[in-house]
Amino acid sequence: MIIGIPNALLNIKYRDAIQEFLHTIGITTVVSPKTNKEILDLGVLNCVDEACLPVKIFHGHVEYLRDRCDIVLVPRIMKLHKNEFICPKFCGLPEMVKYTLDIKNIICPTITAYNEKTLKDSLYDFSKTFRVDKEKFKKAYNGFKSNIYKYNKINSSRSNLRVLLLGHPYLIYDDFINMGLIKKLNQYGVEVFTEDNIEPYDYTYRLIKKPFWTFLRNTYNCAISLVETGKIDGIIYISSFGCGIDSFSIDLIKKDVGSFPYLVLKIDEHTGEAGVDTRIEAFIDLLKRRAKYEYNISSLG
Amino acid sequence: MNITFPHLGNTYIAGKVLFEGLGVEYTIPPISTKKTLEIGCLHSPDDVCLPFKIMIGNYIESIEKGADTVLITGSCGPCRFGEYCELQKKVLMSLGRQINFIVIDEPSKIGIKEFLNRLSSVAKESKLSTYKKAKALNMALKAINLIDEIEKECRFYAGYEKNKGEFSKLLKEVKKEAIEAKGAEETLKVLEKYKEKVDRVEIDLFKTPIKIGIIGEIYTIIDSLSNLYIEDILMNLGVSTKRTLYPSWWVKNTALSALKINKSPIYKEAKQYLKMCIGGHAQECVGEAMLNYKMGFDGLIQIFPVGCMPEIVSKAILPDIEKKYNIPILSLVVDEMTGEAGYYTRVEAFLDLIEGRKKVCI
Ligand code: SF4
Ligand code: SF4
């Protein structure tokens, strides 16, 4: 049996781990290629109009895989932290895929993984479909764990222009959707921080209520931590139109950081690359000017 | 302290009964109009969903009338509604006024005790005995049930009435009289009087009006400003409409869920499509669609705000119900930019389609 793994949404982050897990069980996998024009068009054509770009692209990946494998993996990720949720669209993803693409050969394990035990249970339930014995499952599980952090980490060289890049992992790590944003920033000589290479403090005590979205808590903490400790010169937030969670976090952060340089890039399938480039350039210019100005002040005083 | 709360259908009548029963000062926001929405949009982030914007408009209009404490219900489900209070507080604080917030959460999430605690911070203001306070709460519950019941009957039997326009007239009158009545008891009396009146309106059960179920995101289907008065329009066209999601339904449903004895048939029907709660009211939307189909409705109208996350999932599912059970479904997506002309044309075309099908059936 061949299982197809759509290379989109959070699968981008856990792709290697899932592959290792399935290989150990003895299942062949095929991963869809990086998002490209064909996949984007497939998604936009088939998905509900109102959905956000990442979800449309996920549909494109599934559509791409449907005839190239026996069964497509569409995980239903419920929780990755205790008492928090990901996004309603993640919970309802299998249903969306099933009814909009009219596809029957999908497998949809429910993943609730806020600690070691729940992760193990979720994966065990998933593996039951393939009648795996305990020994083998243990090995597969260890394979999963040791590969969990192996997705593309960003290395950018140190620089005195430092930018925090916020956004969902599937926007940051998909060069096609974000139009090579990270590469562009590196070309400008900017050092890029992302959620994955910093250790944020918990600033949620500032809010009247603990956020119940994992994405929201993460981005908020990252932004506030780095701004408070003066580790960055600016924030770039990449988001997709129609993302309900970002509509909140963008403004929560904006209201907290005040006049700190903050660029919000919203994208959908109609966004033109030229426009984005101009905005990035202008933002970098602003940062450079600010840096120079501050330098002048300190040398005088 | 002068409490205010956002509009949600008929809740303002229950709010009036509750606060008058408690003897607490309160301000009912002016009925939402285009202006409310404009004010709301001006102060809200662009991308938040429509309910957020209208609520902000309500708050600001109330604050201008003298309110200083805002009551907001949050639900902790995985949807934006539960996150509202945070950003709404920040928005209102940036207006530069001193405003207090009371967040009332679902009892099943924060525990019954904390729920009562927060409620009592409202009740503290009132100098009545605990017994009287409980009575006020009870009266408010009665009021919301009565007014919702009246509205439901008017809207459903509108298609069957003998003298055209009777139900719609009654519905307008009851709301007006209830809000003008002095004191909690008086208001309840008005409601009871109208309940009887509605029951006595002559209907012709041999008629076969078009019957439409209204489903979708709870706020937009309840709030007539955001759905561009769809129910009134259908009512005037002699169409019978039914919707289950009323504020009184929400109260009952949350109470039952807190006690874990919720056996509403909606969830049973939704199961074959959506097994778990994904946030918002997607499950209810799908379950309602199935129920309405089984009860012989002619069509369904789904309404939700632009960018509404759970309803996008149900919108993906509905075409399958439409195909499998052969029931027409119209999805309307609304926001502050929705144009009336295009909107009504779509509704009319939908009604024509149903009419055509009905004739063929006979
Ligand atoms: S978190 Fe935002 S971008 Fe991601 S699926 Fe949900 S709505 Fe779409
Ligand atoms: S259900 Fe829809 S309208 Fe309601 S809070 Fe969620 S996204 Fe907004």
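Two strands pair if DSSP finds at least two bridges between them, where strands (E, at least two residues) and helices (H or I, at least four) are DSSP runs numbered from the N terminus. This is a predicted model, in which local features need pLDDT of at least 70, side-chain atom pairs count only at pLDDT 80 or more, and totals for chains, interfaces and linings use all residues. Residues are numbered from 1 along each chain as its sequence is written, chains are lettered from A and ligands numbered from 1 in the order in which they are written, and side-chain values use heavy atoms, leaving out hydrogens and water.

**Exercise 1.** Work out how β5 and β7 of chain B are joined, and which strands stand at the edges of their sheet.

*Solution.* Start with the pair: β5(B) (residues 211-216) and β7(B) (residues 299-305) run parallel and are joined by five bridges. Within it, Gly213(B) stands opposite Leu300(B). Next, place the pair in its open sheet of four strands, ordered β6-β5-β7-β8 (chain B) with parallel pairing. Finally, look at the ends: β6 (240-242) and β8 (329-334) of chain B each have a single partner strand, so one side of each is left without a neighbour in the sheet.

**Exercise 2.** Find which residues of α3(A) meet α5(A), and classify the contact.

*Solution.* Taking contact as heavy atoms within 4.5 Å, begin with α3(A): Val55(A), Phe58(A), His59(A), Val62(A) and Glu63(A). Their counterparts in α5(A) are Leu93(A), Met96(A), Val97(A), Thr100(A) and Leu101(A). Now sort them, with Ala, Val, Leu, Ile, Met, Phe, Trp, Tyr, Cys and Pro as nonpolar, Asp, Glu, Lys and Arg as charged, and the others, Gly among them, as polar. That gives seven nonpolar, two polar and one charged.
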